[in-house]
Amino acid sequence: MSIIFYYNNEDRDVVESQLRAELPEHQIAIWPQTNQSKYAIVWNPPEDFFDQQPDLQCIFSIAAGVDHLLDHPGLPANVPIARLEDAGMGEKIAEYVLYGVLHAQRSMTHYALAQGAEHWDETPRDRHAHKFTVGILGIGAIGSVVASRLLLNGYKVKGWSRREKTLDGVDCYHGQEQIPAFLSQVDALVCLLPLTPETTRILNREIFNQLPKGAYLINAARGRHVHNEDLLAALEVEQLSGALLDVTEPEPLPAGHPFWHHPKIVVTPHVAGPTQASESIKQIADNIKRFEAGEPLSGLVDISRGY
Ligand code: NAP
Ligand code: GLV
């Protein structure tokens, strides 16, 4: 069977050779080559990607998030989409979030500002991990791995999802009506939601104002979850003490954007959970085998809800 592949990240060659090794019996075309493919394996395909692909039977996202497909103007209707489920990214994002939580708990933004002012400030600011609450928006495949890591490090963890959920050791909330209770007493808010019409700009003034004053924000999901102006305003009035942003809108962040030099913002270039080539391609190859055997796809996206 033939596959069309589009993936333009730095590690493209590694991912491609992994793909050829996992699926030796398939003919693989690298876009813009075309081969009337049955399957597309993609991350962020260009606008005309689907134009020459009338026979697609399934699209596999080399990413957990599928906004790059659902927002695509040429996405064919009625073709199932399967996404990556954890595939090793959860552990990497857990490290990233732990770094941000430690930064917040140990008041590193405050010390960086004091250093800039040559000010030796010994005011005690430390809080014990067991008295520091991390709230995770989105406790799915990745959020639940992050929650486990934070619990292992002694933090109190709250989680918020769309549907009711239980996770060992995590104080779980769901739905809009429980958001005020979820946000109260959260010292660091972590976003690991998919980007959907319901979650776009969810990190806005209304949410920030329900957090305790001085809470810290970590966004490792999508830049469009953040209302940028509201974030800058919340930092200005010290409603938020700082933010760690792995994702921005737009990406890459353009020269002169206020986030670049903001003293309370740390920006990283969408690297919190890099694709783990071997686990990702193995997961996709297993899914193709499942599809060909007539079995249900794993990680099937519900297009109507957007994730
Ligand atoms: P997932 O398994 O689909 O989990 C999504 C979670 O968000 C679920 O708990 C879901 O609730 C919840 N959710 C969705 N819409 C909601 C809403 N309207 N209200 C409340 N909760 C809602 O997704 P995942 O695999 O963990 O990935 C999450 C996101 O991480 C991806 O979409 C992507 O944007 C981001 N990501 C970033 C990187 C990076 O490098 N920065 C890497 C990988 C992924 P239910 O449990 O009730 O469905
Ligand atoms: C990366 O951002 C992903 O969604 O996997």
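The legends below describe close-up views of a predicted model.

**View 1. The open sheet and its strand order.**
Five strands form an open sheet with parallel pairing, and their order across the sheet is 2-1-3-4-5. Strand 2 (27–30) and strand 5 (81–82) each have a single partner strand and stand at the edges, so one side of each is left without a neighbour in the sheet.

**View 2. The pairing of strand 3 with strand 4.**
Strand 3 (residues 39–42) and strand 4 (residues 58–61) run parallel and are joined by 4 bridges. Within this pair of strands, Val42 stands opposite Ser61 of strand 4.

**View 3. Helix 1 against the sheet.**
Helix 1 is made up of residues 12–22 and lies across strand 1 (2–6), strand 2 and strand 3. Relative to strand 2, helix 1 runs at about 165°.

**View 4. The salt bridge between Lys38 and Glu292.**
Side chains of opposite charge can pair when their charged atoms come close. In the whole structure, 8 salt bridges are found. One of them joins the side chains of Lys38 and Glu292, with an N to O distance of 3.9 Å. Lys38 belongs to the loop between strand 2 and strand 3, and Glu292 to helix 9 (residues 277–292), so this pair ties together parts that are 254 residues apart in sequence. The two partners are set differently with respect to the surface: Lys38 is buried, with a relative accessible area of 18%, whereas Glu292 is partly exposed, with a relative accessible area of 40%.

**View 5. The salt bridge between Asp187 and Arg127.**
Asp187 and Arg127 form a salt bridge in which the closest N and O atoms are 3.3 Å apart. Asp187 is located in the loop between helix 6 (179–183) and strand 9 (188–191), while Arg127 is located in the loop between helix 4 (108–116) and strand 6 (133–137); the pair therefore ties together parts that are 60 residues apart in sequence. Asp187 counts as buried at 16% relative accessibility, and Arg127, with a relative accessible area of 33%, is partly exposed.

**View 6. The salt bridge between Asp67 and Arg222.**
The side chains of Asp67 and Arg222 meet in a salt bridge with an N to O distance of 3.0 Å. Asp67 lies in helix 2 (residues 67–70), and Arg222 in the loop between strand 10 (215–219) and helix 8 (228–236), so the pair ties together parts that are 155 residues apart in sequence. Both residues of this pair, Asp67 and Arg222, are buried. For Arg222 the relative accessibility is 15%; because buried means under 20%, Arg222 counts as buried. Leaving aside neighbours within four places in sequence, Arg222 is in contact with Trp43, Gly65, Asp67, Leu195, Val247 and His270.

**View 7. The surroundings of ligand 2.**
Ala63, Ala64, Gly65, Met89, Arg222 and His270 surround ligand 2. Two of the distances shown involve the protein backbone: a backbone N or O atom of Ala64 lies 2.7 Å from an oxygen atom of ligand 2, and a backbone N or O atom of Gly65 lies 2.8 Å from an oxygen atom of ligand 2. From His270, a polar side-chain atom lies 2.7 Å from an oxygen atom of ligand 2. Arg222, one of the surrounding residues, also has a side-chain polar contact of 3.0 Å with Asp67.

Definitions and conventions:
Residues are numbered from 1 along each chain as its sequence is written. Chains are lettered from A and ligands numbered from 1 in the order in which they are written. This is a predicted model: local features need pLDDT of at least 70, side-chain atom pairs count only at pLDDT 80 or more; totals for chains, interfaces and linings use all residues. Side-chain values use heavy atoms; hydrogens and water are left out. Two strands pair if DSSP finds at least two bridges between them. Helices (H or I, at least four residues) and strands (E, at least two) are DSSP runs, numbered from the N terminus. Contact means heavy atoms within 4.5 Å. Axes are lines fitted to C-alpha atoms, for helices over the stretch in contact, and angles run from 0 to 180 degrees between N-to-C directions. A salt bridge is a side-chain nitrogen of Lys or Arg within 4 Å of a carboxyl oxygen of Asp or Glu. Buried means under 20% relative accessible area, exposed over 50%, partly exposed in between (1.4 Å probe, protein chains only). A residue is near a molecule or strand if one of its heavy atoms lies within 4 Å of it. A polar contact is a pair of N or O atoms within 3.5 Å; within protein, one must be able to donate a hydrogen and the other to accept it, and residues adjacent in sequence count only if both atoms are side-chain atoms.
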